[in-house]
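I opened a new page for this one. The plan is to start with the rings and then wander along the chain.

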Amino acid sequence: MIKYYCSQQTNLIPGLNLNALGIFSTGLSVLPPATSPRGAHPGPFLCPSSHLGGLYGVLPASAIQCQQSSPEQEVVYLLIPTQAVGALIGKKGQHIKQLARFAGASIKIAPAENPGVTERMVMITGPPAAQFKAQGRIFGKLKEENFFTAKDEVKLETHIKVPSNAAGRVIGKGGKTVNELQNLTSAEVIVPRDQTPDENDEVFVKISGHFFASQSAQRKIREIIQQVKQQEQKHQQQGAPSMHHSK
C-alpha cells in the first residue's frame with residue numbers, strides 16, 4: 001500500500017521532483033499504515049469566506065510574480081490545530097516567511113473567531129507545485145513538533161472552492177464519482193448540501209486525509225473542474241452565431 005501511494009505521487013504534478021523537495025525535514029512518514037481505514041466522521045463544515053479579514057501572513061515576491069504570469073493560481077484552505085499556530089509562524093514570523101519563500105506561495109493564517117476554537121484556518125495561494133510544497137511542509141511541521149504522536153498519521157482538513165456547476169460532477173450520479181474519488185485517494189471528500197454559491201458562483205468541497213491522500217483528491221477535483229470549463233467553452237464556441245450573414 002505504501003509503495004502504491006509513493007508511486008502514485010510521482011505523477012501528481014508533472015515535472016515536480018518529490019525527492020528533491022525536502023518537504024518533510026525530519027524524514028517522518030506522513031503516509032498511512034497499510035491497514036488504515038478512511039475516516040468516516042465528516043466533522044463541522046467551516047465556511048472560510050467569513051474568516052479572511054485581518055489575516056496574518058506574508059506574500060513573497062516569487063508568489064507575486066507567479067500570480068502575474070501564471071493562470072494556474074489555486075486557493076486552498078487548510079485547517080490546523082490552534083495550538084500549532086505558534087510553531088507554524090515561528091519566532092517573529094520567521095518560519096512562515098521561510099515557508100512562503102520555499103513554496104513560492106502566499107500563506108496566511110486567519111485570526112481565531114473566539115478563544116475556544118480548536119482549529120485555525122491557513123489560506124494558501126499559489127500554483128499546483130507551490131500548493132504541494134507548502135502543504136507538505138505544514139503536514140511535516142505538525143509531525144515534527146509532535147502535534148501528532150509517533151503512531152498517528154497526520155490527517156488534516158482542507159477546503160477548496162469549485163464552480164457551482166461543477167459540484168454535481170464532483171458528486172456524480174447517485175454519489176458515484178465522489179465514492180470512486182474517495183476509494184482511489186483514501187481521502188474523505190464531502191460536498192455539503194444546501195450551500196449558497198458565493199459572489200463568484202462557487203461552493204466549497206471539503207477534503208480530509210493524510211498529505212498524499214489530500215493532494216491526490218485536490219488534483220482529481222481540479223481535473224474535473226477543468227473538464228467542466230473545457231466543455232463549457234466548447235459549447236459556447238459551437239453555439240456562437242456565424243460571422244457570415246446571407247444577404
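**Rings first**

I counted the aromatic pairs and got five. I should jot down early that this is a predicted model.

The pair I looked up is Tyr77 with Phe204, which comes out edge-to-face. Their centres are 5.7 Å apart, and the planes make an angle of 70 degrees. I checked that against the cut-off: over 60 degrees counts as edge-to-face, so the label fits.

Which strands hold the two rings? I found Tyr77 in strand S2 (residues 74-81) and Phe204 in strand S7 (residues 202-209), so this pair ties together parts that are 127 residues apart in sequence. Are Tyr77 and Phe204 buried or exposed? Both of them are buried.

I also noted a cluster, in which ring pairs link Phe132, Phe139, Phe211 and Phe212.

**Charges over a ring**

Next I looked at Phe102. The charged end of Lys133 sits over the ring of Phe102, at 5.6 Å from the ring centre. Arg137 has its charged end over the ring of Phe102 too, and there I read 3.9 Å from the centre.

**The whole chain**

I stepped back for an overview. I listed nine helices and seven strands. The chain has 247 residues, and 45% of them count as buried. Then I looked at contacts with a separation of 6 or more: 78% of those in the chain are between residues 24 or more positions apart.

**Helices H7 and H8**

I picked one helix pair to follow. H7 covers residues 164-171 and H8 covers residues 176-185. They pack at an angle of about 65 degrees, and their axes are 4 Å apart. H7 and H8 are therefore roughly perpendicular to each other.

Which residues of H7 meet H8? I wrote down Arg169, Val170 and Ile171 on the H7 side, meeting Lys176, Thr177 and Val178 on the H8 side. Sorted by class, this contact has three nonpolar residues, one polar and two charged.

**Two residues inside H7**

I stayed in H7 to look at Ala167. Its relative accessible area is 9%, so Ala167 is buried. Leaving aside neighbours within four places in sequence, I found Ala167 in contact with Val162, Val191 and Val203. I also checked Ala167 against Ile224: they are 57 residues apart in sequence, yet 9.3 Å apart in space, C-alpha to C-alpha.

Gly168 is in H7 as well. Here I read a relative accessible area of 46%, so Gly168 is partly exposed. Gly168 and Val191 are 23 residues apart in sequence, and their C-alpha atoms are 8.9 Å apart in space.

**Some loop residues**

Where is Gly104? I found Gly104 in the loop between helix H5 (94-103) and strand S3 (106-109). Gly104 is buried, with a relative accessible area of 13%. I paired Gly104 with Gly126 for a distance check: 22 residues apart in sequence, 7.0 Å apart in space, C-alpha to C-alpha.

Then I went after positive phi values in residues other than glycine. Lys92 gave me a phi near 55 degrees. Lys92 belongs to the loop between helix H4 (85-89) and H5. Is Lys92 buried or exposed? With a relative accessible area of 71%, Lys92 is exposed.

Asp194 is another entry for that list: its phi is positive, about 60 degrees, and Asp194 is not a glycine. I placed Asp194 in the loop between strand S6 (188-190) and S7. Asp194 has a relative accessible area of 78%, so I logged Asp194 as exposed.

**Looking back over the page**

I kept coming back to S7. Phe204, the partner of Tyr77, lies in S7, and the loop that holds Asp194 runs between S6 and S7. Val191 also came up twice in my notes, once as a contact of Ala167 and once in the distance check with Gly168.

Note on methods:
Residues are numbered from 1 along each chain as its sequence is written. This is a predicted model: local features need pLDDT of at least 70, side-chain atom pairs count only at pLDDT 80 or more; totals for chains, interfaces and linings use all residues. Side-chain values use heavy atoms; hydrogens and water are left out. Rings of Phe, Tyr and Trp (its six-membered ring) pair if their centres lie within 6.5 Å; planes under 30 degrees apart count as stacked, over 60 as edge-to-face and the rest as tilted. Buried means under 20% relative accessible area, exposed over 50%, partly exposed in between (1.4 Å probe, protein chains only). A charge sits over a ring if NZ of Lys or CZ of Arg is within 6 Å of the ring centre and within 35 degrees of the ring normal. Axes are lines fitted to C-alpha atoms, for helices over the stretch in contact, and angles run from 0 to 180 degrees between N-to-C directions. Angles under 35 degrees count as roughly parallel, over 145 as roughly antiparallel, 65 to 115 as roughly perpendicular and the rest as oblique. Contact means heavy atoms within 4.5 Å. Ala, Val, Leu, Ile, Met, Phe, Trp, Tyr, Cys and Pro count as nonpolar, Asp, Glu, Lys and Arg as charged, and the others, Gly among them, as polar.
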